Amino acid sequence: MEHPNVLNLPPEIQRLLKTLPSPIALELEDHLLEEYSRHLRDGETPERALQLTAERFGELLEIAPACAAVAPSRWWLRREAPVDFKLVVVGWMILSVFMASRICFASTPSHTSIVACLLTGLSCACLGAGFLRRSGTIVWASIAFALGTAVISFFVPIRQDIADFIVSGCALEPILLEVIAVFSVLSMATAWKEARARKQLALTYSG
Amino acid sequence: MRLAYIVQLCILPLVKISKELNAASSTAIVLGILQEGESYGYAIAQRVRELSHDEVQWTDGMLYPILHRLEGDGLISARWGESETGRKRKYYQIEPSALKTLKEERHQWNVVHNVLQQLWNTQTS
């Protein structure tokens, strides 16, 4: 978003406006134009309307410290997570516990199964942390882990020798791996959507 | 005598609400206005003036940090839309979770109002 440059306001006010996050400046610009238009409709000359508007605008000097106090906390990332994202977080938590329990019961756990379990756990942890801390970066990391889980779950059972190994060593049926892979892809899409929404929100407020 | 009183009333300036009282009442007022429906900064400020017959005059500098704080607290949500002229405009709406806060604020203000009313009624009678 571009910083507004409305009306012929005093330079010190314009400088102050440029220090504000652009969405706040845009909001105030909208407010100022409404006020300016109202004075014009009331029959004021453009000069007088500008003067009256600028008088009200002068009070903006108080807004700078108030906005500065709000901005560093990155409160704009604290948006409510959508229902599908919450479901994905819960789904990964259940999956992590399930994977860990299967590996615990396997007679000879394979390296693949341990890696898959770790990826599932990390994805779950990242999504959970992203959900609690409202951070976009952590959600992007979970997408990477979910991708790893999906790749392993999709392609490992294709090879019969590995599939047999998984059934015995990983205590997971190949069909179950396919289910996990589909869930990974779906959750990746949801997490991707959420991460993009948060990134957009952060960009909007950082200007 | 009566005429003099009326003239005096007309000459008296409007009572302006103090900064402290404005700040204390801002949450209840903003949430109350947004309970009427979705709105934006300028319209909220205008509605306050209209309801108070211009006695409560909010400055731009006061209203926007309040709106953003309430948004940060999850009491209201915002979306970017367009004005009638096609300009970008930020619209605010109340969240269901804010209704409890509004109810508490209303109760507190009613208590204060009742206390003062009883006190001043006693003093005048």
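In this predicted model, residues 1-6 of chain A keep a pLDDT under 50 throughout, and for this stretch the model has 22 contacts beyond four places in sequence. Where pLDDT is low, the predicted coordinates should not be read in detail. Over the whole of chain A the pLDDT averages 70, with 57% of the residues scoring at least 70. Within this chain, confidence is lowest in helix 4 (residues 63-70), where the mean is 58, and highest in helix 2 (residues 22-41), where the mean is 80.

Chain B has a mean pLDDT of 80, and 82% of its residues reach 70 or more. Its N-terminal residues 1-14 stay under a pLDDT of 50, and for them the model has two contacts beyond four places in sequence. Confidence in chain B is lowest in helix 1 (residues 2-11), at a mean of 37, whereas strand 1 (residues 39-40) has the highest value in the chain, at 94. For the model as a whole, the scores are an ipTM of 0.74 and a pTM of 0.53.

Chain B contains five helices and three strands, which follow one another from the N terminus in the order α-α-β-α-α-β-β-α. Of the 125 residues in chain B, 37% are buried, and among contacts between residues at least 6 apart in sequence, 53% join residues that are at least 24 apart. The chain exposes about 8,100 Å², of which carbon and sulfur atoms supply 59%.

Eleven salt bridges are present over all chains of the structure. One of them joins the side chains of Asp30(A) and Arg89(B), with an N to O distance of 2.9 Å; this pair crosses between chains, running from helix 2 of chain A, which holds Asp30(A), to strand 3 (residues 88-94) of chain B, which holds Arg89(B). Asp30(A) counts as buried because its relative accessible area is 5%, under the 20% limit for that class. Arg89(B) is likewise placed in the buried class, because its relative accessibility is 1%.

A second salt bridge, within chain B, links Arg79(B) with Glu38(B), the closest N and O atoms lying 3.0 Å apart. Arg79(B) lies in strand 2 (residues 76-82) and Glu38(B) in the loop between helix 2 (19-36) and strand 1 of chain B, so the pair ties together parts that are 41 residues apart in sequence. Both partners are partly exposed, Arg79(B) with a relative accessible area of 41% and Glu38(B) with one of 37%.

A salt bridge also forms between Glu50(B) and Arg47(B), whose closest N and O atoms are 2.8 Å apart. These two residues both lie in helix 3 (residues 41-51) of chain B and are three residues apart, about one turn of the helix. Glu50(B) is exposed, with a relative accessible area of 51%, while Arg47(B), at 23% relative accessibility, counts as partly exposed. Elsewhere, salt bridges that share partners join Asp30(A), Glu34(A), Glu84(B) and Arg89(B) into one network.

Glu105(B), located in helix 5 (residues 98-124) of chain B, is buried but takes part in no salt bridge, and the nearest side chain of opposite charge, that of Arg69(B), is 7.6 Å away. This separation explains why the two are not paired, because a salt bridge requires a side-chain nitrogen of Lys or Arg within 4 Å of a carboxyl oxygen of Asp or Glu. Apart from neighbours within four places in sequence, Glu105(B) is in contact with Thr27(B) and Ala28(B).

On chain A, a nonpolar surface patch of about 620 Å² is made by Leu147(A), Val151(A), Phe154(A), Phe155(A), Val182(A), Val185(A) and Leu186(A). Helix 7 (136-155) and helix 9 (174-206) each supply at least two residues of the patch, and helix 7 gives the most, with four residues. Val151(A), which lies in helix 7, counts as partly exposed because its relative accessibility is 40%. Val185(A), in helix 9, is also partly exposed, with a relative accessible area of 39%. When residues up to four places away in sequence are not counted, Val185(A) touches Ala150(A) and Phe154(A). Val185(A) and Ile143(A), although 42 residues apart in sequence, are 9.2 Å apart in space from C-alpha to C-alpha.

Note on methods. Residues are numbered from 1 along each chain as its sequence is written. Chains are lettered from A and ligands numbered from 1 in the order in which they are written. Side-chain values use heavy atoms; hydrogens and water are left out. pLDDT is the predictor's confidence in each residue, from 0 to 100. Contact means heavy atoms within 4.5 Å. Buried means under 20% relative accessible area, exposed over 50%, partly exposed in between (1.4 Å probe, protein chains only). Lys and Arg count as positive and Asp and Glu as negative; His and the chain ends are not counted. Patches are made of residues with over 30% relative accessible area and no salt bridge: like charges are joined within 9 Å, nonpolar side chains (Val, Leu, Ile, Met, Phe, Trp, Tyr) within 5 Å. Accessible areas come from the Shrake-Rupley method with a 1.4 Å probe; for residues, only the protein chains shown count as cover.
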